Structure formats: C-alpha cells, structure tokens
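The following exercises concern the fold of one protein chain and the surroundings of selected residues. Please study the sequence and the structure before reading each solution.

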Amino acid sequence: TLPPDEQLQAIREHIGQSHMGVVLKFFCGITKLQNPDHWTEIIDNALVDEHGEKMVILSALHCVFESQNGQRCRELFSKAGGKLLIKNETLSLLDYCVIGYCLESAREAVKNIGLQCQLTAEGLCIIGQMLTRSLETVKEFDIYDDLCDKDKLLALKGLLNRFPNVESLNLRGCFKEEQWDRTLLGDVLKETQLQTLNLSGNNLGHNGMKALCAASSSLSNLKELNLIGCFKDDQWDRTLLGDLLKETPYLQTLRLAGNELGHNGMKAVCAGRSSLSNIKELNLSQCNIGDEGMKALGATAEHLSSLREIYLMNNNLGDDSQESLMLIINQCPLEMLWLWNVHGGEWVNNFSAAGEQRMWDVAKSIRPGMGLQF
C-alpha cells in the first residue's frame, strides 16, 4: 500500500538490520518500482551475503521472476559475478521453477551454481527441464545435501548434463550412509571433464574407489583431488588408489588426510611415480603410514619435483623416518613441512627430542626459508 519511494525508504531502513532474504521476500513488490536507480540500489544490497561477498540468493531470484524481465535477470547475475548460492533453504516446487527460469533467462551470465540445501529428485529434474539448451558458461557446481537416494543421484546426473563445461565439482559430505549405489557416482563422473573434484567426508569405501577408477578417463585432467575422510576402515584395495593416480598426471593438489592408508596405501600412491611430478600440495595427515610408508615416500622424492607443501601430522612416524624426510627436504622445492609431533593418542608422530632438533638443524641448513611445524 506504500508509494514506491516510501517502499524504497522502508527497505533502506531494514538493510543491515535483518537478513536480506527476509527483506526481499517481504518487499517482493520492489520489482514493480519504475525508477531503474531504485532497482539498482536494491539489487546491489541484495547481492551481499553475511561475509561481504556478492552472490545471487533465492529471494532475489523471486524478485526478477515476478518482474518476468530477462534483462534484469542477466543484470542480477552479472553484478554477482555469475554466482548463484541457494543455502539453508527448504525448496518448494515453485522455488525450483524460479531457479530454472532465472538460469534460463540469465544464461551466459551464470558461472557458478551452489545448491547447499535440501534437494529433491523432482526439483532437480524441474531445473533441468526448464533449460532449453546447455549452459556452457557454468564452470563450478557445488552441492551440499544427502545424495544417497538413487533417484536424486540420477536427477543430479541429468542436471549436470546441462552444464557440459563444469570444471569444478564439489560433492563434499553428500554420501555419508553405508548403503548407497557407488556405481552411480562413477556414472555421474563419466559425463564430466573436471579439473577439481571434492569428495571429502563421504563414505566411499572399496566400491567407491572402484567407481572412481571406472570413471578415470573422465578424470584425466584433474588438477585437484580431495578425498579427505573417504576410506576410514581397512576394507578397501589400496592398489586401486595407485591405479587412479596413474590416470591423473596433471594433479597439483592431492588431499588424502583421515584415510586408513597404512604403509601399503603409501606404497600404492608412490607406485605411479611419474604421475606425481606436478603435485604442489600433498596432504597425508592421519593416514597411519608409519616409518615403512615414509620410506616409500622418501624413495619417491626425486619425482616430487613440484612439491611445495606436505602434511604428515599424526602418522606414527619416529626417528626411523628421519632419513626419508631428509630426502624429501633435500630433493623437493619445499616451502612448508607439517609434522606436529603430538605425544599421546592414536596415529601420532613420535620423534625424540634429539630427532626433532636434528631435523630442524638440517632442514634450516638446506632450506633456510622453509617452514617446519612440529
């Protein structure tokens, strides 16, 4: 019932005092404001999240949907750098329709899609069906939801087919249950040509690793692979990890922390020596590799010609690992070595005080600028 200028003033008073999404839902009529300067001001404020980063949120999508103005939709995404983030929402079927409509309207302006909310298979299908053709500009796709349901995973596969040029896929924490069809994950990945894959916090296990190997031809361009906390028990074939790494020669970041690798797993990683030459960051924290696994890594040092940062915390390493560590320090262009010699507990590092001091002295003499954290 307020005139447009008074509506605008009311919105100004709420900005900074309430969550912008709530404000936009309450004042969805702002899309009918005639003054384009008013629209620009509202959108500029609507795009800023709690961390000050610009991105499109669901409420803003509803605003442009009400206006049925494709140009405004493209403007919305352009101002946000092409980022869409739907977070902590329970989506209705209308919400899915709005998302699909806005993606279709904005098209080339969309670069990054984040769906960190409760999703349904039907909703994912709706988004895909509203896209008349592929969105080739989408480079990053991020989902944070339970995807163990078969229908939902199949719907995700169909939706990803609409984004053929996705380079970064983030599925962290989406597969935490024990019983789910790991082969479907392989089917999803076979449709991609990724450079970054984050599967951290998922219950992959042996069959999950087999699914990754089955999709290895589509993962050959990977530069970053995150498998933190995916293989926590002893019931998986470590040689499969080695087979996968042999197919990813461009890897620059490999994160395996929190997995039960053991010394056999470390040997499997090192088996594909030639594929490790581009790795800059290697995270092996809490992998229980022990002194024997450390020897395998040390023997591979000359092939780690790009290694800048390595994490070895909580691996039950002792003074017997010193020689291998010295090989890595001497032959790799290291900038940071993380050891964290924590005493007590499981999978700790157990260097003696004399051993710590010796490594410190040798490391500083070989690489005086390198960081060394015990």
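Contact means heavy atoms within 4.5 Å. The model examined here is predicted.

**Exercise 1.** Determine what share of the contacts in the protein chain with a separation of 6 or more comes from residues 24 or more positions apart.

*Solution.* Begin with the secondary structure: the protein chain has 15 helices and 11 strands. Next, consider the contacts with a separation of 6 or more: residues 24 or more positions apart supply 82% of them. Finally, 53% of the 374 residues count as buried.

**Exercise 2.** Identify which residues of the largest nonpolar core touch the most other members, and examine the contacts of Phe141.

*Solution.* The core contains 107 residues, and those touching the most other members are Leu61, Phe77, Phe141, Leu297 and Leu312. Helix α6 (residues 93–106) makes the greatest contribution to this core, namely seven residues. For Phe141, set aside the neighbours within four places in sequence; the remaining contacts include Ile113, Leu115, Leu156 and Phe163, as well as Ser168 and Asn170.

**Exercise 3.** Establish whether Arg182 is buried or exposed, and which backbone oxygens lie by its side chain.

*Solution.* First, locate Arg182: it belongs to helix α9 (residues 182–190). Secondly, Arg182 is buried. Thirdly, test for a salt bridge, which requires a side-chain nitrogen of Lys or Arg within 4 Å of a carboxyl oxygen of Asp or Glu. The nearest side chain of opposite charge, Glu178, is 4.6 Å away, and Arg182 has no salt bridge. Lastly, turn to the backbone: a polar atom of the Arg182 side chain lies 2.7 Å from the backbone oxygen of Glu178, and the backbone oxygen of Leu204 lies 3.1 Å from a polar atom of that side chain.

Conventions:
Residues are numbered from 1 along each chain as its sequence is written. This is a predicted model: local features need pLDDT of at least 70, side-chain atom pairs count only at pLDDT 80 or more; totals for chains, interfaces and linings use all residues. Side-chain values use heavy atoms; hydrogens and water are left out. A nonpolar core is a set of buried Ala, Val, Leu, Ile, Met, Phe, Trp, Tyr and Cys residues joined through side-chain atoms within 4.5 Å. Buried means under 20% relative accessible area, exposed over 50%, partly exposed in between (1.4 Å probe, protein chains only). Helices (H or I, at least four residues) and strands (E, at least two) are DSSP runs, numbered from the N terminus. Lys and Arg count as positive and Asp and Glu as negative; His and the chain ends are not counted. A polar contact is a pair of N or O atoms within 3.5 Å; within protein, one must be able to donate a hydrogen and the other to accept it, and residues adjacent in sequence count only if both atoms are side-chain atoms.
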